[in-house]
Structures are given as structure tokens and as C-alpha cells.
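Here is a short tour of two features worth opening in your viewer: a pair of packed helices and an internal cavity. Have the sequence at hand as you read.

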Amino acid sequence: MKISLSQRKLKDGRISLSIEFYRGSEITEDGKRKHFRSFENLETYLFIDPKSAKERKENKEALEFAENVVAIRKAEYAQGRFELKNTAKAKRIFLNFFADLAEEKRTLDSSNNYGNWYSTYQHLKKVVPKNLTFEEIDENFIKKVRKYFEKDAINKSEIPLSQNSKYSYFNKFKAALRYAFDNGYLTVNYASKVKSFEQAESQREYLIFDELQRLAKAECKYPVLKKAFLFSCLSGLRWSDINTLIWKEVRDEGDVSKVNFRQEKTDGVEYLYISKQARELLGERQDPQERVFKGLKYGMTYNTEIVRWCNRAAVPKHITFHSARHTNAVLLLENGADIYTVSKRLGHRELRTTQIYAKIVDSKMKEAAEIIPELTLEI
């Protein structure tokens, strides 16, 4: 690829500076030569005929700046940043690229993360032209997509998206742009040029101990789902980590058991001690490479069964599998565990993430102050 400084004369008498990325040319079917090039606008200008020392100085500074950027782009190319950039990638349709990326997420992670990628794709189909290619992407396109999520996007119930849905879906879109830049589809990292939505503090649904006890006694259509959910309540492990847990990662050391695994979400190695009852839910040890919760899978069937299971147990809450992790955090804090220990067990990178559960426990303490009926006082 040839990277050079390009100058274009404007109607107002200035010269606009940009970087040209020239990827060569080819002969088309009609015998004409077609050139493949893209530009990065530096938003930097020169006076065509500088008439003062000030204008000459500004021209000199503008040229130095532009030439420095060209040098940086050439260095990035030498380091492999644009190594994979080619005509095929520039011509690739963005929606097809995003769909393939979402499918890759489904293969690697069967949890709700894929569901968010899929939902994002459904929304993008409403705002992104069907045949839009990477060479047509610019800042105006990025702003158009953000405006869609901000003002126009609606959910299946035909009401505006929640703040957290906007945050999640738009971040998936930005993640795709970053991936495209890192792998040579784009010459500009547009993901860094647009602001994400603010994330709202979401309500964390959880079970109190009595509700958890009722679930433990109630019938669940899928025994593996019941065991996995209760294990998450007792251990705090995420769905993704439970789903991929294999017997090699379960360590029995005398009367003590722990799981040694790599967290799917943070990619950090974790050593988590589990209770005897949690260990009993795992059952008898099998082949080291075999999944502990064999047959467990993410999907509408199992999600619906959790709701029905809760109905049988007379638990009037909207419980999902992730609620089990919230339940573990709240029960630990209610029973005297300090917030630092809970944070480490949950694998949180920041303590403030765990403090949300401390707020829940504090709120319950305030409610408890009003539980005792008022006395009829005669003093």
C-alpha cells in the first residue's frame, strides 16, 4: 500500500490536507483501469497564497503536522496495522461482516452475550443500507447509527429502548468497528471517535433464602438446569463459567473442594472454594475433559422453564439464570461476609461493582426496621 499526503483545492481558496491510502488498481471487465484508494481527512488547511508572516507560519505548522501523521501511518503499516487491508475487505458488506462476527460469538460463548449481538444485528438492519461496504463508512455513518439508537430504536413491545439496551447494543456496534480496524477493514478507528451511551444502574433481581429453599424443593423439568442454577446460587459462578466447567477444573482436597478455572468474561484465572453442598450438586467425578453440567444449554426453552419453576415454587419474581449470581452475593453479605471477600469470590475487577449488592443489603436493613408492628403506648 502507498501512503502519501494529498492536497485538494477548495472553493474558498484554501487547500485541504488528507492522507491517501492507495492500494493499487485492476482492469475491470469493460477494459478500464480501476484504482482503489481511500482518504483520511486531517481537517487541516493551507493558504494557497500566504500574504503575511502569520499565514506563512501557519502553513509551515500545518504541513509539519500533516507530514508527521503520514509518518505515523507509514509506521503503523510497517508494523502490520494495514497488512490485511485489501480490495476484498474494503468491498465487504458491513452487515454480512457483523452477522459473521455475531455467529462467532455464539460459537465461543453460548450465554446472553450472543443474544445481545443478535439483537444489535436486528437493529442495524433497520438503519444500515443492505449493501453498504467498509469503504463507504465514515463519521457521518457512525453518527447516523448512534442517532438511531438514541431516538428511533424500539423493542419488540414497540416502546423505546431502555438506557441499558442502548448502552449494550451501541457498544456491540463499536466493538465491531474496533475489530474491523484492527484487522484491516478500516483505515480509521471510528469507534474511538464516537461517544458511548451512559449505562444506567440496573435492578438486580435476587432470591431471599426462603425463596431459594422453595426452589430447591420444587420440581424443575430439567434436572441439569436445577443443579446448575442452585450451584450458581451457592458459588456465585456465572452462566458462561458453569456451562464450560469441566471435571479437570474441580479439585477435591480432603474435605475441601474448589474449582480452578479461567473466567469467560474477564479471562482471569480463578481459584474458588465451594461448600460441601455445592460440591454434592456436581455429582460423581467423571472424565477430566467432560463437562460437569452435561446437557446444559442456553436458549428459550431453559429460560422459560426457570420462570415456570419459580411459579411452582411460588416465587413472584422475574428470575433469570444470572439472578443466581446476584442471590449468592446478597446471601453472603447478609450472613456476615465482608465486601472485599465477596468481591474476590465474584471475580469483580473493581470493588464498586460489588458495592451495588451492599446497597441492596443496606436497603433490606432499613426495611427490617419497620417490620415490628407499632405498639399502643401508654407512658
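## How two helices run

In this predicted model, helices α8 and α12 are roughly parallel to each other, because their axes cross at roughly 30 degrees and angles under 35 degrees count as roughly parallel. To find them, look at residues 223-235 for α8 and residues 323-334 for α12; their axes come within 6 Å. As for handedness, the crossing of α8 past α12 is right-handed.

## Where the helices touch

Now turn on the side chains. From α8, the residues in contact are Phe 229, Ser 232, Cys 233, Leu 234 and Ser 235. Their partners in α12 are Ala 324, Arg 325, Thr 327 and Asn 328. Sorted by class, this contact has four nonpolar residues, four polar ones and one charged one.

## A cavity inside

How many cavities of 30 Å³ or more does the count give? There is one, and the volume of the largest cavity is about 40 Å³.

Which residues line the largest cavity? Going along the chain, you will meet Leu 225 and Trp 239, then Lys 297, Tyr 298 and Gly 299, followed by Tyr 302, Asn 303, Ile 306 and Phe 321. Helix α11, spanning residues 300-312, gives the largest share of this lining, with three residues. By class, the lining has six nonpolar residues, along with two polar and one charged.

Terms used: Residues are numbered from 1 along each chain as its sequence is written. This is a predicted model: local features need pLDDT of at least 70, side-chain atom pairs count only at pLDDT 80 or more; totals for chains, interfaces and linings use all residues. Side-chain values use heavy atoms; hydrogens and water are left out. Axes are lines fitted to C-alpha atoms, for helices over the stretch in contact, and angles run from 0 to 180 degrees between N-to-C directions. Helices (H or I, at least four residues) and strands (E, at least two) are DSSP runs, numbered from the N terminus. Angles under 35 degrees count as roughly parallel, over 145 as roughly antiparallel, 65 to 115 as roughly perpendicular and the rest as oblique. A crossing is left-handed if the near helix is turned anticlockwise from the far one by less than a right angle, and right-handed if clockwise. Contact means heavy atoms within 4.5 Å. Ala, Val, Leu, Ile, Met, Phe, Trp, Tyr, Cys and Pro count as nonpolar, Asp, Glu, Lys and Arg as charged, and the others, Gly among them, as polar. On a 1 Å grid over the protein atoms alone, a cavity is a set of points where a 1.4 Å probe fits but cannot get out, and a pocket is an open set with protein on both sides within 12 Å along at least five of seven lines; lining residues have an atom within 4 Å of a point. Grid points are joined across faces, edges and corners, and a volume is the space filled by probe spheres set on the points.
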